[in-house]
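Student: I would like to go through this model slowly, asking at each step what stands behind the words used for it.
Tutor: Then let us look at it together and set each term against its cut-off.

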Amino acid sequence: MAVELSELRDQIDEVDKQILDLLSQRLALVEKVGEVKSEHGLPIYAPDREAAMLASRRLEAEKKGVPPQLIEDILRRTMRESYASEKDSGFKCLKPELRSVVIIGGHGQLGKLFGRMFSLSGYDVKVIGSKDWDKADEVLSTAGLVVVTVPIHLTVGVIKKLEQLPEDCILCDLTSIKSSPLHAMLETHNGPVVGLHPMFGPDVASFAKQVIAYSNGRGEEKYQWLLEQFAIWGATLREIKADEHDSGMTLIQALRHFTTFAYGVHLSKENPDLNSLLKLSSPIYRLELAMVGRLFAQDPNLYGDIIFSSQENVQMIKRFHERLGEAVNLLEHNDKPEFIESFEQVRTWFGDYSQQFMNESQSLLKQANDSIHRE
């Protein structure tokens with residue numbers, strides 16, 4: 001048996017080497033694709049091409065007796081690497097005549113990310129940090145685009161310092177709230193203004209499939225090229241009014257971050273052995289625990305700024321607290337029928353999304369389980 005297994009494993013090792021050779025060839029071709037896209041100003045992410053290619057490969061896999069989901073998983077992971085490597089070819093510059101791009105707060109992680117992307121696109125990038133205001137007037141006097149990316153509680157104050165920008169300069173921010181920064185920019189600057197919110201962190205490998213929300217301010221025709229530049233980088237643009245954006249962020253960010261914070265505090269007070277929890281955890285609990293731990297691995301000021309940024313956030317969190325109390329009350333009264341009725345009401349509210357989210361989560365859980373190393 002040992003000899004037979006050894007021979008089969010040797011054959012598997014040889015096939016794996018062939019797979020590596022093919023992956024190397026694919027990445028080399030992707031690099032050439034990136035060069036062509038860069039030359040012609042094509043987005044690195046082409047959703048129609050991706051969908052058609054995956055559908056075709058799934059059919060081919062089925063004919064060969066290979067599980068279609070297997071080839072899709074392999075290709076999606078390969079494409080993620082491909083999108084990251086395509087950006088190394090740089091991007092077409094849509095506004096070569098633009099004066100310098102000035103990033104205020106450009107020493108921060110998000111500022112560095114956008115600065116790198118503008119540089120890869122051939123723009124002249126300059127940075128103003130907290131210690132650079134003595135030279136700010138000189139730098140800003142020749143700016144064609146100013147990007148404000150500073151902590152939320154500093155954003156409006158920084159914007160108010162930008163009264164002397166060139167009339168045709170585009171002013172934008174990257175803050176996770178939009179109403180107050182957009183209002184401040186419109187009051188301070190008479191030229192083109194747009195509010196931006198990248199719905200991702202600075203650790204993304206590429207902008208492919210990442211969402212950038214934007215709220216129009218003034219002079220839309222003057223900054224359309226900027227939105228198109230983001231699209232070339234691979235981002236998906238979502239237009240939204242500033243007040244609608246902030247209302248959505250109350251749920252998407254503030255409530256979610258706060259409940260994660262509260263659960264982390266609860267865990268620390270209960271003080272379980274995390275290693276024991278991990279050994280016993282299902283893939284879904286391990287993911288939940290990972291998301292909690294991820295929050296506490298980052299800057300508390302960032303999340304504090306988001307949660308404390310508006311009274312609307314506080315009111316939403318208070319309503320959640322009340323509903324949590326109502327749910328606890330069901331347990332105290334051993335009211336299982338009411339629990340089931342509430343469950344069914346929520347199921348009805350989700351509608352078809354319930355099954356969609358079930359399918360999406362199953363795929364995520366399989367990937368999470370694959371990455372676990374059990375001793």
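## Reasoning through a predicted model

Student: What makes β5 count as mostly covered?
Tutor: In this predicted model, six of the six residues of β5 are buried, and buried stands for a relative accessible area under 20%. Val 193, Gly 195 and His 197 point one way from the strand, while Val 194, Leu 196 and Pro 198 point the other way, and all are buried.

Student: How do you know that β4 and β5 pair?
Tutor: Pairing asks for at least two bridges between two strands, and β4, residues 170–173, shares three with β5, in the parallel sense; therefore the two count as paired. One can be placed exactly, with Cys 172 having Val 194 in β5 as its bridge partner.

Student: Why are β1 and β3 called a pair?
Tutor: The cut-off is again at least two bridges, and strand β1 (residues 100–104) and strand β3 (residues 143–148) have five, also in the parallel sense, so they qualify as a pair. Within β1, Val 101 stands opposite Leu 145 in β3.

Student: Why are β2 and β7 said to stand at the edges?
Tutor: The open sheet has seven strands in the order β2-β1-β3-β4-β5-β6-β7, with mixed pairing. Because β2 and β7 (236–239) have a single partner strand each, one side of each is left without a neighbour in the sheet. From one strand to the next, the twist averages 25°.

Student: Which helix lies across β1, β2, β3, β5 and β6?
Tutor: That is helix α4, residues 109–120, which runs at about 170° to β1. Angles over 145 degrees count as roughly antiparallel, so α4 and β1 are roughly antiparallel in their directions.

Student: Why is Arg 116 called partly exposed?
Tutor: Arg 116, which lies in helix α4, has a relative accessible area of 41%; because buried means under 20% and exposed means over 50%, with partly exposed in between, the value of Arg 116 belongs to the middle class. Arg 116 and Gly 106 are ten residues apart in sequence and 9.9 Å apart in space, C-alpha to C-alpha.

Student: How do you know that Asp 132 has no salt bridge?
Tutor: A salt bridge needs a side-chain nitrogen of Lys or Arg within 4 Å of a carboxyl oxygen of Asp or Glu, and the nearest side chain of opposite charge to Asp 132, that of Lys 135, is 4.3 Å away, so the condition is not met although Asp 132 is buried. Asp 132 is in the loop between β2 (125–128) and α5 (136–140), and, not counting residues up to four places away in sequence, it touches His 107 and Val 127.

Student: What makes α6 and α7 roughly parallel?
Tutor: The axes of helix α6 (residues 152–159) and helix α7 (residues 179–188) come within 9 Å and cross at roughly 10°. Since angles under 35 degrees count as roughly parallel, α6 is therefore roughly parallel to α7. Their contact is made by Thr 155, Val 156 and Ile 159 of α6 and by residues of α7 including Pro 181 and Met 185.

Student: Why are α9 and α11 called roughly perpendicular?
Tutor: Helix α9 (residues 242–270) and helix α11 (residues 283–296) pack at an angle of about 100°, with their axes 9 Å apart. The range for roughly perpendicular is 65 to 115 degrees, so these two helices fall within it. Among the residues making the contact are Phe 261 of α9 and Leu 289 of α11.

Notes:
Residues are numbered from 1 along each chain as its sequence is written. This is a predicted model: local features need pLDDT of at least 70, side-chain atom pairs count only at pLDDT 80 or more; totals for chains, interfaces and linings use all residues. Side-chain values use heavy atoms; hydrogens and water are left out. Helices (H or I, at least four residues) and strands (E, at least two) are DSSP runs, numbered from the N terminus. Buried means under 20% relative accessible area, exposed over 50%, partly exposed in between (1.4 Å probe, protein chains only). Lys and Arg count as positive and Asp and Glu as negative; His and the chain ends are not counted. Contact means heavy atoms within 4.5 Å. Axes are lines fitted to C-alpha atoms, for helices over the stretch in contact, and angles run from 0 to 180 degrees between N-to-C directions.
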